[in-house]
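Subject: Structure for your review

Dear colleague,

Please find the structure below, together with its sequence. My notes on what was found follow directly after it.

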Amino acid sequence: MAVGAFVQNLMLLMHDEGMGSCWKTPEFIFRPTFRKIVGVNDDEEVNGFLYITEKDSSVKVMERKNKSLITEW
């Protein structure tokens with residue numbers, strides 16, 4: 001759970017800096033063969049891959065529909 005929160009915040013920071021990102025967790029990362037190839041120890045976990053790229057300026061950013069839903073923190 002903590003890894004997911006960290007990665008989400010990291011992705012938000014990257015987005016703010018003009019980068020695009022995508023988190024993927026392919027099934028093969030749990031296989032012993034993959035763990036051996038990348039040198040994952042028994043007390044370690046691989047949670048996924050974080051792909052980083054430039055943002056595509058042609059993609060339209062949607063406007064938030066209910067801006068007045070949260071008015072104060």
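**The segment after β2**

Ile-70 is found in the segment that comes after β2. With a relative accessible area of 44%, Ile-70 is partly exposed. Its C-alpha atom is separated by 38 Å from that of Glu-27, a residue 43 positions away along the chain. Please bear in mind throughout that this is a predicted model.

**The salt bridge**

Glu-27 has a partner of its own: the residue forms a salt bridge with Arg-31, and the closest N and O atoms are 2.6 Å apart. A search of the whole structure finds 1 salt bridge. Arg-31 has a relative accessibility of 43% and therefore counts as partly exposed.

**A buried arginine**

Arg-35 belongs to helix α2. Which side chain of opposite charge is nearest to Arg-35? The nearest is Asp-42, at 5.0 Å; Arg-35 is buried yet has no salt bridge. A salt bridge requires the nitrogen and the carboxyl oxygen to be within 4 Å. Apart from neighbours within four places in sequence, Arg-35 is in contact with Ile-29, Phe-30, Val-40, Asn-41, Asp-42, Glu-44, Glu-45 and Val-46.

**The aromatic residues**

A search of the whole structure for aromatic pairs returns 4. One of them joins Phe-28 and Phe-34 in an edge-to-face arrangement, with 5.4 Å from centre to centre and 70° between the planes. How accessible are these two residues? Phe-28 is partly exposed, at a relative accessible area of 35%, whereas Phe-34 counts as buried, at 16% relative accessibility.

Phe-28 also pairs with Phe-49: the ring centres are 6.1 Å apart and the planes lie at 35°, so this pair is tilted. Phe-28 lies in the loop between β1 (19-24) and α2 (32-38), while Phe-49 is in strand β2 (residues 49-54), so the pair ties together parts that are 21 residues apart in sequence. Phe-49 is partly exposed, with a relative accessible area of 26%.

Phe-28, Phe-34 and Phe-49 form one aromatic cluster together with Tyr-51. The ring of Tyr-51 has a further partner in Lys-24, whose charged end sits over that ring, 5.7 Å from its centre.

**Helix α1 and Met-14**

How does the span of helix α1 agree with its number of residues? Helix α1 covers residues 2-16, and its 15 residues should span 21 Å at 1.5 Å a residue; the C-alpha atoms at its ends are 21 Å apart, which agrees. After α1 comes Gly-18, which has a positive phi near 90°.

Met-14 lies in helix α1. Is Met-14 buried or exposed? Its relative accessible area is 8%, so Met-14 is buried, the limit for that description being under 20%. Leaving out residues up to four places away in sequence, Met-14 touches Met-19, Ser-21, Leu-50 and Ile-52. The C-alpha atoms of Met-14 and Lys-55 are separated by 9.9 Å, although these residues are 41 residues apart along the chain.

**For your reading of the model**

When you open the structure, you may wish to look at three places in turn: the aromatic cluster of Phe-28, Phe-34, Phe-49 and Tyr-51, the buried Arg-35 that has no salt bridge, and Met-14 with its contacts to Met-19, Ser-21, Leu-50 and Ile-52.

With kind regards

Note on methods. Residues numbered from 1 in each chain as written. Predicted model: local features only at pLDDT ≥ 70, side-chain atom pairs only at ≥ 80, totals over all residues. Heavy atoms only, no water. Phe/Tyr/Trp six-rings, centres within 6.5 Å; stacked < 30°, edge-to-face > 60°. Buried < 20%, exposed > 50% of the residue type's maximum accessible area, 1.4 Å probe, protein only. Helix = DSSP H or I, 4+ residues; strand = E, 2+ residues; numbered from the N terminus. Lys NZ or Arg CZ within 6 Å of the ring centre and 35° of its normal. Lys, Arg positive; Asp, Glu negative; His and termini not counted. Contact = heavy atoms within 4.5 Å. Expected span 1.5 Å × (residues − 1).
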